[in-house]
Amino acid sequence: MLDFILFTVFIFIMALLQKMESIKTVAYNNNTVSELNKKKDKGTFMVIAMVVMMFLAMFRGVNVGSDTQAYHDIFYNIIYNPDYSHASRYEIGYILLNKFVGLFTKDAQGIIIVTSFFYYTVFIWFIKKYSKDYSFVLLLFYLMVFSETINIIRQQIATAFILIAIDRIINAKTFRSLIWIAVACLFHTSAVLFFVLPFTQYFRYYNSVATIGLLIVAVLTFGKLLPKIVGVIAPQYEHYFYGSNAGTGEVTVFYETMRGIVFLGLAAYVLNLNRLDKFMVVDGKLGYNQQRNFVLWVLFIILAVTIMSFSLYVFRRFAIYLGIISIVLLSNYINKINPKLSTLMKISIILVLLAYYAVLQYTRPTWNSAFPYEFFI
């Protein structure tokens, strides 16, 4: 618990320093006359903190994260057992990545280092590009995402590619976004869900929400049939419906459902939902209404799959894909509210998340946990 407390203090200090840097940048820009003299907030302390988390992910011991030992075993099997890749349930992209890393090192820590470096680099890039509040996003990332980054490697790689696809969607490059989603599927097949994401900009929001609402009801009602369907279509994922993966985790799902409702409600409130205009592209990017529609879709998908987790806990995995973009969007929207209300809301959210994270570390120390931390030997 001591390492958790110390590292949490470090993150909060970096967030405070980042906030001070951001305030100084805004003050400097407000005092300049020429646009040429304006500075851009580089997010220096946010990047430093993210890099520290990246190194913790890269050089963690096998006891950090519930699946790290499994990824070591997978690496050795792929490298030393020629028949393993043909019989395993792992996607071809991840198998080829292991073989590539195996050309340079026979130590399984190599795959941990390479993968962690990759997806953290993408996460930092995405946050730098789209966040307007680096300090708040840093805190949200630590409390909501960090523990996942030291555990589910294949899905984190796929998440990184989904973020690249989202960047292409925002820049009105639908075909390119589909390519990146396809690449994500090479590392985690569940990413196939997001092939619909580039086309949400064309949907009528309210009608589509009603349709997905019915889908949620159907999944909750007939959820027991899904394992059998998956067993036929994608048998390599049958294990998600049995053993420890089949646990309901009602408390976690309830908490995350409430959080999803708050996120979506806040976005709807801040964006002041009106009738959406027709599809349009302005300066090579989606028009305001299309961006707004897309934003709402992302948050609604997170909430929908979280609700489905009440029936099948495995659905929670889909919400993880959109964790980074949800915290970036949340921070941006809160900054559009009255400054006093915005500050109060940020403090409340951080306190609730910190309390939940602390309780999680105490009650379920082996569940996707980064603490107690140890370096690899």
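These are my notebook entries on the core, one loop residue and the salt bridges of a predicted model.

**Entry: the core.** I started with the largest nonpolar core and found that it has 107 residues. Met50, Met53, Phe141, Tyr142 and Phe146 have the most contacts inside it. I then looked up Phe146: leaving aside residues up to four places away in sequence, it touches Phe7, Met53, Leu56, Tyr120, Phe141, Tyr357, Ala370 and Phe371.

**Entry: Phe195.** I found Phe195 in the loop between helix H10 (174–185) and helix H11 (205–222). Is Phe195 buried or exposed? Neither label fits: its relative accessible area is 30%, so I noted it as partly exposed. Beyond four places in sequence, Phe195 touches Leu178, Ile181, Ala182 and Cys185. From Phe195 to Ile181 I read 6.5 Å, C-alpha to C-alpha, with their positions 14 residues apart in sequence.

**Entry: salt bridges.** How many salt bridges does the structure hold? I noted four.

Arg154 and Glu91 pair through their side chains at 2.8 Å, N to O. Arg154 sits in helix H9 and Glu91 in the loop between H4 and H5, so this pair ties together parts 63 residues apart in sequence. Arg154 is buried at 4% relative accessibility, and Glu91 is buried at 7%.

Next I looked up Asp167 and Lys129, whose side chains meet at 2.7 Å, N to O. Their bridge links helix H9 to helix H6. Asp167 is buried at 2%, whereas Lys129 is partly exposed at 39%.

Last came Lys346 and Asp133, with their closest N and O atoms 2.5 Å apart. Lys346 lies in helix H17 and Asp133 in the loop between H6 and H7, so the parts they tie together are 213 residues apart in sequence. Both Lys346 and Asp133 are buried. I also noted one network, joining Lys129, Asp167 and Arg168 through salt bridges that share partners.

Terms used
Residues numbered from 1 in each chain as written. Predicted model: local features only at pLDDT ≥ 70, side-chain atom pairs only at ≥ 80, totals over all residues. Heavy atoms only, no water. Core = buried A, V, L, I, M, F, W, Y, C linked by side-chain atoms within 4.5 Å. Buried < 20%, exposed > 50% of the residue type's maximum accessible area, 1.4 Å probe, protein only. Contact = heavy atoms within 4.5 Å. Helix = DSSP H or I, 4+ residues; strand = E, 2+ residues; numbered from the N terminus.
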